[in-house]
Amino acid sequence: MEEFEHISVEKTFELLSAKKAKYVDIRDEQSFEQAHVEDSFHLTNGSLQQFMSNTEFDMPIIVGCYHGISSQQAAQFLIHQGFDEVYSMDGGFEAWRTNYPVVSSIENNE
């Protein structure tokens, strides 16, 4: 793959459910903590080296952002870093959350 490809939320759900891809979320920390795709990796400038060190380059990577725009640039960046198969999820997290479950990193202290 020389360029990233687009992927639907439905296909993303299928691949993640089968554990055949890794989802990375590039939204800001507060948004990620409030709600994110289960088992997703919060990819930031600060976590990039950790991600690259701990992820196989032949593992399919799906990049998500808010609406599926910023993830395209991040997906292309990961292709340039040597990942074989990278996707940008169309519609982003907003499209995901209307159809599929999300998890939160914020503990409820009530």
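In the predicted model, the protein chain contains five helices and five strands, and these elements follow one another along the sequence in the pattern β-α-β-α-β-α-β-α-β-α. The five strands are assembled into an open sheet with parallel pairing, in which their order is β1-β5-β4-β2-β3. Because β1 (5-7) and β3 (41-42) stand at the edges of this sheet and each has a single partner strand, one side of each is left without a neighbour. Within the sheet, strand β2, formed by residues 22-25, pairs in the parallel sense with strand β4, formed by residues 61-64, and four bridges connect the two. In this pairing, Val24 stands opposite Val63 of β4.

With regard to overall dimensions, the C-alpha trace of the protein chain spans about 50 × 30 × 25 Å along its principal axes. The radius of gyration of the protein chain is 13 Å, which agrees with the value near 13 Å for a compact globule, because that value is the one that would apply to a chain of 110 residues. Of the contacts in the protein chain with a separation of 6 or more, 70% are accounted for by residues 24 or more positions apart.

Buried residues make up 43% of the 110 residues in the protein chain, while the accessible surface comes to about 6500 Å², with 45% of this area belonging to carbon and sulfur atoms. As for charge, the protein chain carries 6 positive and 19 negative side chains, and the centres of these two sets lie 6 Å apart.

Methods. Residues are numbered from 1 along each chain as its sequence is written. This is a predicted model: local features need pLDDT of at least 70, side-chain atom pairs count only at pLDDT 80 or more; totals for chains, interfaces and linings use all residues. Side-chain values use heavy atoms; hydrogens and water are left out. The radius of gyration is taken over C-alpha atoms; the globule rule is 2.2 Å times the number of residues to the power 0.38. Buried means under 20% relative accessible area, exposed over 50%, partly exposed in between (1.4 Å probe, protein chains only). Contact means heavy atoms within 4.5 Å. Accessible areas come from the Shrake-Rupley method with a 1.4 Å probe; for residues, only the protein chains shown count as cover. Lys and Arg count as positive and Asp and Glu as negative; His and the chain ends are not counted. The place of a charge is taken as NZ of Lys, CZ of Arg, CG of Asp or CD of Glu. Two strands pair if DSSP finds at least two bridges between them.
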